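Colleague: Please put the model up first, and then let us work through it one question at a time.

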Amino acid sequence: MKTAKINVKDGDLLTTLRDFYRSILQLEDISAILVPQHLPAKNVVMPTLVTDPKQLNGADPLAPVFPLNGAKIVSRLTRKPMGAKIAVVLRPCEIRAFVELVKLKQGRTEEVVLVGIDCLGAFKNGDYIQINGKKEAAFTSRFYKDALSGKKLTFEGFDLAPACRACENPVPNGADILIGLFGVDTDNQLLIQARTPKGETLYDKLDLYDTEEPTERSAAVKSLVTERSAYRDKMFAETTEATNSLEKLNTYFAECVNCYNCRVACPVCYCKECVFVTDVFNHDPVQYLRWANRKGVIKMPTDTVFYHMTRIAHMSTSCVGCGQCTNACPNDIPVMELFRTVSYHTQKAFEYEAGRSIEDDLPLSVFREDELAEVVGIGKAA
Amino acid sequence: MKKKIGKALVVGAGISGIRAALDLAEFGYGVTLIDQSPHIGGILSQLDYQFPTDRCGMCKMLPMVDRDTSSQYCLRKGLFHENIDIRLSTELVSVEGEPGNFQVLLRQKPNLVDPSRCIGCGECVKVCPVEVPDAFNTGLSGRKAIYLPVPHAIPNAYIIDTNVCSRCGECEAVCSTGAIKLLEEVRKDFRILVVDDELIMRDSLKAWLEDEGFAVDIAASGSEALNHLSKQAYELMLVDIKMPGMDGVELLQKAKEVFPDLSVVMMTAYATVETAVEAMKIGALDYLLKPFDPDTLIPMIIRTYQDLEASKEPPMEVGALVLCGGTSYFDPAGGKNTYGYGMYPNVVTSLEFERILSGTGPNQGRLVRLSDGKPLRKVAWLQCVGSRDIQIDADYCSSICCMHAIKEALVAKERAGGALEAAIFYMDMRTFGKSFQRYRDRAETEHGVRFEKGRVHSVLYDENSGDLIVRHVDYSGTHIEEIFDMVVLSVGQRPALGTTALAEMVEMPLNQWGFGQTEPFSLTRTSKEGIVLGGSFSGLKDISESVIQASAAALSASRIIHAAGGSLSLEISSVEPFPDISQEPPRILIAVCTCGDLLAKLLDTQQLVRCLKVDPAVDQVDFLEQTCTVTGWENLIERVEKHKPNRILIGSCLPYVYAQKIKELGRRVGLNPALIEVVDLMLMAQSSNLKSETLSADEISKINSELLSILGTGLARLKWADPDPVPSQKILQKALVVGGGIAGMSSALAIADHGFQVDLIEQEEMLGGNLNWLQRTLEGNTTKTILDETLLKVEKHPLIRIHTNCRVRASHGQVGRFYTTVEDEEKGAFTLEHGVTILAAGGVEADTTSYNYGTSEAIVTQKDLERKIHNNTLDQSRLESIVMIQCVDSRQEPRNYCSRICCTTALKHALHFKEKNPEIDIYILYRDMMTYGFTESYYTQARKAGVIFIQYDLAEKPQVTPTDGFVRVTAVEPIIGKSVQIYADLVVLATGIVPRLPKDLAESFGATLDRDGFFEEAESKWRPVDSLKEGIFACGLAHSPRNITESIATAEAAAQRALRILSHERMPAGKVLAEVRHSLCSLCERCIEACPYGARMVDPELEKVLVNAAMCQGCGSCATVCPNSASTLAGFLDQQMFDVIDSAFEGTA
């Protein structure tokens, strides 16, 4: 794996990154770059598709927020041939979601170079708006410096989003080009790594000097993953306890109003239209009466837990744990917590990890006679 | 719509009979399928597991095109097909006429239980006092006189074994549906006159016959008899020959003068048999030998009665007969070495062991000994019991027992969780089929099955433990004794019971061992035109070979029917389209069958009607008695005609039975059958424990709510039922055959002979393939005859276009229309359009560098030898010593398969040399001699002729060193345990066959190849010539190594499979068909991956997923993987299923 370091001028990571992105965009065969930027209006951070290198001044890949999972955007850009190649700057969970979408034929890798950056985590959308209410331009710098120096990441009383605190994938392993921060002397340097042949081709054009990965890096990553795994396991235990009966599950989703925002926000929920908003669930009026008759009372709208369970059944094997579902919930239901808890088990059962590799087949499109013997009942008895 | 009018009779409803019948039926012929047993499935109904999957899979034979004409559930349970009339317990009585126009008479054993009324409740069994061994479980368990012939049939009606029934009448009394009629009313109309001067004879005959329900009169003399005859009509007269005054013969003469149609059976003592025979010449039907007892007399009279009844029916007209009578098995108790069978309880036959393994067997599948319940931990299989045994005139191999034994050993091991030791004692492991060698190797290396070479000479019994001591001699000559819990005898084949009589009846030859004999180069045609053989009737075959042969037999039969003009005529169908009710609100008539008064007792009808009518879709609820009877059914029709509903729900029993009736009802009342639904109410009534006479109100309301829920599920299905006509796929009625060898030519001819155009592609300059160098077969038939004959027909055929010097470059498309680009060496590329494809690209002898091949003129391959003998480039007179080495590079990785023809080729050449010069030394170095079936006798013949057979092991292969003038061959002779050196003038290597079907070519057609490069079957056992992709078939050496005759059989089978499709101008899809709601589809293509039939594709221009209606089998896998129901399955819409589930839970909240 080709690895290089680029110098950080004046300890300013953002400027260095912007320059790096600019150098990518200036390559002959890269027509555009997708990168999160502070937009002038309201100072929000949104993905932008940039073709003019001068328009990269607001690029802010380290801002602790991602209002939507960029995989959905990349899917739109790559669904069909574009006739040009682009680079996209994504967080690890966005890359992993994109890998799932590619397998679901919702995106193509042929014309895209994935540029991943070590993820420092993000706040919930709402929290970020609260924290950054002052529209502090330097907030990102304050944040990444704290994050990289290991300080507690509490701002204005807000912690990082639970999804990020439980994320054991802070490194964008699936990227073509990786930008490394962990275990790197970020005051002076950034790590650039070509992780795929495609990444290498681009790397070679970038006029970089080969070097070794810093020895501290793997230990730094490991320690971060350990910390986050502990948080994650605690979250799993609490969520399991909160949902281990139908009654508790009903309680868990008690505030749900069937707005389906979570499924809109979900990067891997790729259906053009969710079945729950089609005629399938547009029951006959008399049907509601019949149900009510049977029990004497039914909660309206109906099919709430059914909806969430269906979404879990459909998508939990592809869930990357980005937490956008929780972000999207108007009533603060911890949707991510349940999804991740279930996904952890379903993915383990199929020896599958969402977003790990494009080569792994989607578990439900593979039939192995010897898997899940206790369920299928035809595995080798001996 | 063109429908083939023409009919075939298939005799025997085992696996090959079913295959042949289905093939003919799918092509469009009418088929009558008969079996003498009361169930279909033949031997397979007793075998639960088949290798290589070690499971069943029979259902894979069900029609996949126009599949709604057939039942689509477990084929072991039963079969319905619109074009097949299945008659069980039926035998063939006579065949008259000529090919294409036979008249056949059938005899059906009377059924004392009406299957349309029997609901299978089993109450009759409880009261039946007679208990006999159950043949289904090979006598290992018992059954009553009234019993289920197999445990799994649908509908599973009880039958009465009239041979053992005591006619006590208990079952008749207890039967709630009146299905049992012991005393058949009709027999009373059959009057018999008994004429005998002895009073005791007259009286006992009268009593016995009246017991059977016949009307009987007696006469003491000839004149008295004539007197009776003048007053009363009789069907049958039994006449004693020796009577004072007018004797029996004179009475016969006189009676026949006046009543020429009277049937007369003579009764005679042994002394006057000759007279009786004379009497038959002047018109007696048969004679009975005195003294007789009722056990022999009654069945004979009943047969006569049935024959006479059968002959009253007009004979059935059929174009051809396919005989699929199967085989029976050797009974070791009757052999010279019984191995203790019949004496020691734990010596069983392979078939009995199959039942022991079965969940429906005597132990419910638990692996314990029947005698003492000891768990089976060590089992021995003894091969070749009743096969390959000259002492008992069984100089043949039974072909299937080796694989059968390995399968049993593996299933037993799996059952025992590995804690079972299995040893197979064998002479040669005949793993000659595709994939068999690897199966055997895995059994040995992965599962630890022990293979012991050698014949066991005796089995002893330890009375204390019940264990068995197997004694055999190993290669070193050491006597070995080993203790086993059970010994399984792999019993060989014997001709099926009644084969001789059947052969005589149809004037068809049998081979020297009594099996059906076919014509040279055909596995199906007999010397009697119009009579073809399927399956094991001509010698035991495994499933895939039986299925191939059955399809080939169907083709031969079809050719005859077609040639006799019984095809392609237009059937005038006056079916009017059903009225369109799609704009009407549902108006449902619910008809509940009360099954006599059974259900009426259990429910509150008024309450039920009230509850049902809550649903505005329910128009009318009617209760009918016994819709299964003609009266009940007419009642139903009357109600329908009166109320004119636009949907009908029938609540009754056995919904399967109604499939055909619904179609008929629809036609009669002008309602699309898709709008008629049947739900099973009896299952609930039977399973409820409410058998008491008086039920409490609570109990009645509970039953009511259960009934409501069942009817509710039916209503839900019905409300969402879609009466739209099913789509169909247009079929381009042309075939492409790739490969012009004997297989390709045979399949092309078979298709063209049915009136469809064929393009035949051959890459060489001339047609003929391997037959251009092969000279003759082991049996001595010259290959030139078949080649010339076929070539002539192919070249002259107006419907066959031959393209030699051509190669297929690429192909795309789906069944119904393929586009194939062909490159002509001279003319360049052109495109052919066709509806089906047959891959017959052939195979060649494998190249080798082993054994110093190529370094000496004296080292040749079997093919080289055949050519040298033919073109006289071999000085045969000079030869003194020849060594033949078998399995060169074969049956070991990477070519770990048997090429099947090499052993017989070696024998052919060895016998040829021995015939020329009996003094010549011939050594055949072999691993296992694969002389399966009747070729075994040539192996015996070769040994008798002095050919020396030396077995070698892979670990110690022979060494071949060319020296001056001769070749030195060193090999280890296992019996003497020493290395031997042979100085040979000629070393002949059997290198086997490699296929010539290029992978990319196969893939461009959508077919796949196995790891050895042969065509991969959709299913090796049940769909052996089909590709998983519909419309692609393979035959000949591209399919698997096989001899000429067997190759032709695959070609005919492939052609038959192709014809099923070609015979349709449009191929209708099934009613249950997948559809795509494009507005919801995200094009994730998961449905395409999930479709096991390759019926879906994405059209990149339309940006849509399309479903090929003819290929879709309605399995629903696509709908299952589709997360937002953009992919749906007609008949199983989400809304419909939710409603059904809701109804099923009705009353349980």
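Colleague: Which residue in β7(A) is the bridge partner of A:Leu178?

Modeller: This is a predicted model, in which local features need pLDDT of at least 70 and side-chain atom pairs count only at pLDDT 80 or more, whereas totals for chains, interfaces and linings use all residues. Residues are numbered from 1 along each chain as its sequence is written, while chains are lettered from A and ligands numbered from 1 in the order in which they are written. Strands β6(A) and β7(A) run antiparallel and are joined by 4 bridges, where strands are DSSP runs of E with at least two residues and helices are runs of H or I with at least four, numbered from the N terminus. Within β7(A), the bridge partner of A:Leu178 is A:Gln193.

Colleague: And which residue of β6(A) is the bridge partner of A:Val115?

Modeller: Strand β5 (residues 112-117) of chain A runs parallel to β6 (residues 177-180) of chain A, and 3 bridges join them. In β6(A), A:Val115 has as its bridge partner A:Ile177.

Colleague: Are the residues that point one way or the other from β6(A) buried or exposed?

Modeller: A residue is buried if 20 or more other C-beta atoms, placed from the backbone, lie within 10 Å of its own, exposed if 12 or fewer do, and partly exposed in between. A:Ile177 and A:Ile179 point one way from β6(A), A:Leu178 and A:Gly180 point the other way, and all are buried.

Colleague: By what angle are neighbouring strands of this sheet turned against each other on average?

Modeller: The sheet is open, with 7 strands of chain A in the order β1-β7-β6-β5-β4-β2-β3 and mixed pairing, two strands being paired if DSSP finds at least two bridges between them. Its edge strands are β1 (2-7) and β3 (45-50) of chain A, each pairing on one side only. With direction ignored, the average turn between neighbouring strands is 20°.

Colleague: What angle does the direction of helix α1 of chain A make with that of β2(A)?

Modeller: Helix α1 (residues 13-25) packs on the sheet and touches β1, β2 (30-38), β3, β4 (85-90) and β7 (189-194) of chain A, where contact requires C-beta atoms, placed from the backbone, to lie within 7 Å. Axes are lines fitted to C-alpha atoms, for helices over the stretch in contact, and angles run from 0 to 180 degrees between N-to-C directions. The direction of α1 makes with that of β2(A) an angle of about 160°.

Colleague: How many charged residues are on the side of chain A that touches chain B?

Modeller: In total, 18 residues of chain A are in contact with 19 residues of chain B. Ala, Val, Leu, Ile, Met, Phe, Trp, Tyr, Cys and Pro count as nonpolar, Asp, Glu, Lys and Arg as charged, and the others, Gly among them, as polar. By these classes, the chain A side has 9 nonpolar residues and 4 polar ones, and its charged residues number 5.

Colleague: How many of the 15 residues of α23(B) are buried?

Modeller: The expected span, 1.5 Å times one less than the number of residues, is 21 Å for α23 (residues 902-916) of chain B, and the end C-alpha atoms are 21 Å apart, which agrees. What covers its buried residues, among them B:Leu907 and B:Phe913, includes α22 (862-870), β42 (881-885), β43 (921-926), α24 (936-944) and β48 (986-989) of chain B. The helix is mostly covered, and its buried residues number 11.

Colleague: Where does B:Pro894 lie?

Modeller: The peptide bond from B:Glu893 to B:Pro894 is cis, with omega near 5°. B:Pro894 lies in the loop between β42 and α23 of chain B.

Colleague: Where is the other cis proline, A:Pro301?

Modeller: A cis peptide bond, with omega of about -15°, joins A:Met300 and A:Pro301. The place of A:Pro301 is in the loop between α11 (285-295) and α12 (304-315) of chain A.

Colleague: Is B:Glu507 buried or exposed?

Modeller: B:Glu507 has a phi near 55°, which is positive in a residue other than glycine, and its place is in the loop between α12 (499-506) and β27 (531-533) of chain B. With 11 other C-beta atoms within 10 Å, B:Glu507 is exposed.

Technical notes. Two residues are in contact if their C-beta atoms, placed from the backbone, lie within 7 Å.
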